[in-house]
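Reader: I should like to study this structure through its side chains. Please take me through it in questions and answers.

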Amino acid sequence: MFKNKLLLLSPIIVFGIIFIFSQTLYPSVQPELKNLPIAIVNEDEGIQIPNQPEVNMGQKVVDMVQERSKATAESEPAVKWIVEENENDMQKGLENRDYYAALIIPKDFSAKQASFRTPAPETAKIEIFINQGMNTMASTAAGQIVNNVVDQMNTTVRTQLITELEKQGAMLTPKQAELLANPIGKTVTNVHETGKNSANGNVPISLFQPVWIACLASAAIIFIATRKLPVRNRKDVVKTKLGQIFTGAVIALVIGFSLTWLADHMIGFHIPQLIETALFLTITSFSFILMILAVLSLVGIKGLPLFALMLFFGAPLLSLPPEMISSFYRDWIYSWLPMRFMIEGLRDLFFFGKDITWDGPLSILVWIGIISGIMILLSTFKPQAVNEKVELEQ
């Protein structure tokens, strides 16, 4: 028994399997934020104090957050603050998924802070926008970051005001005492909302796994069912390949529409655009089936493990924002995953109210399908594609 080479190599094979699959856990262990894009808009008009230079407290806030987020030689900053000129540009950035959150400093920010030195103080209010639809984990982190910024500003302003009033020996009015606890207010607005349940933000990721597994199984069945068909010439091979593509299209329709209906009516996911979602999932499934068939047509059934590995590596990565993924996994694995375009497209449909258009994720998926279809047809020129002459039935 111990002379069997496969048996002797089994410990090494098992170690290799454990090593490969353990790497799928790495991205989700202690993910660190790096360069999370958050927009900041300073609309503060400042205030002119007699015999002193104009004071713009909003600009001081912008300078402060940018200074704190500078990269060092040891590490990159957790947040990348991007200054926008006005609210319209900031809103476009949120719509285009450029920012996970945004902070707007109002026009009267300096003036209302100065009012705390008068008997009739007013609270300056900062607007915070959380882009929920981009990624649940990242938008939650971004919300905590911008809220912490406002809290730090409150502490700084409160300390400065108390110090000034103590130096002047001034007594606080009841109104000043009341507002001094939070001299800077904030209003928080969630945009592109995922719903009351934060888990709804993960619906696109939840749909990915059944789609991918269904496409993997379908492509394998199509390939196995057709590879033993008798063919005598290239024309027969082409017919077989076209039959594979046609069958894949039919199966993609079943996957797209059945999964959308099941997710909305039985599982309980809220699908805002049923028909468009079903069509998008159909195109996605067809693209994935063709891609898998293209690889199987070139290398045979031994190509299946590649797509199983893509599932195991892709699942943890797709739940994380790119800013939480290490540079190796982000550049060499995440950026090459075709299923990330499915996730992005579903986010556009579910949370950003966008229709299916050629721009964006859909075009990438279509091109994957087109190139895969071409590769399937080109595989007819493989020497093994044509069987030897089939004997006539007696």
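Reader: How far apart, N to O, are the side chains of Asp 108 and Lys 112 in their salt bridge?

Author: The model is a predicted one, in which local features need pLDDT of at least 70, side-chain atom pairs count only at pLDDT 80 or more, and totals for chains, interfaces and linings use all residues. Residues are numbered from 1 along each chain as its sequence is written, and side-chain values use heavy atoms, with hydrogens and water left out. A salt bridge is a side-chain nitrogen of Lys or Arg within 4 Å of a carboxyl oxygen of Asp or Glu. The side chains of Asp 108 and Lys 112 meet in such a bridge, and the N to O distance is 3.2 Å.

Reader: Why does Asp 108 count as partly exposed?

Author: Three classes are used: buried means under 20% relative accessible area, exposed means over 50%, and partly exposed lies in between (1.4 Å probe, protein chains only). Asp 108 is partly exposed because its relative accessible area is 29%.

Reader: How many salt bridges does a search of the whole structure find?

Author: One of them joins the side chains of Arg 330 and Asp 331, at 3.8 Å from N to O. Arg 330 is partly exposed, with a relative accessible area of 27%, and Asp 331 counts as partly exposed at 40% relative accessibility. The search of the whole structure gives a total of five.

Reader: Which residue forms a salt bridge with Arg 97, and how many residues apart in sequence are the parts that the pair ties together?

Author: The partner of Arg 97 is Asp 348, and their closest N and O atoms are 3.6 Å apart. Helices (H or I, at least four residues) and strands (E, at least two) are DSSP runs, numbered from the N terminus. Arg 97 lies in the loop between helix H3 (87-95) and strand E3 (101-105), while Asp 348 lies in helix H12 (residues 339-350), so the parts tied together are 251 residues apart in sequence.

Reader: Is Asp 348 buried or exposed?

Author: Arg 97 counts as partly exposed, because its relative accessibility is 22%. Asp 348 has 11% relative accessibility, and therefore counts as buried.

Reader: Over the face of which residue does Arg 97 lie?

Author: A charge sits over a ring if NZ of Lys or CZ of Arg is within 6 Å of the ring centre and within 35 degrees of the ring normal. Arg 97 lies at 5.9 Å from the ring centre of Phe 352.

Reader: How many residues apart are Trp 212 and Phe 288?

Author: Rings of Phe, Tyr and Trp (its six-membered ring) pair if their centres lie within 6.5 Å; planes under 30 degrees apart count as stacked, over 60 as edge-to-face and the rest as tilted. The structure holds five aromatic pairs; among them is the edge-to-face pair of Trp 212 and Phe 288, with 5.0 Å centre to centre and 70° between the planes. Trp 212 is in helix H7 (residues 203-227) and Phe 288 in helix H9 (residues 274-299), a separation of 76 residues.

Reader: Which residues do ring pairs link into a cluster?

Author: Both Trp 212 and Phe 288 are buried. These two rings belong to a cluster linked by ring pairs, and its members are Phe 208, Trp 212, Phe 288 and Phe 307.
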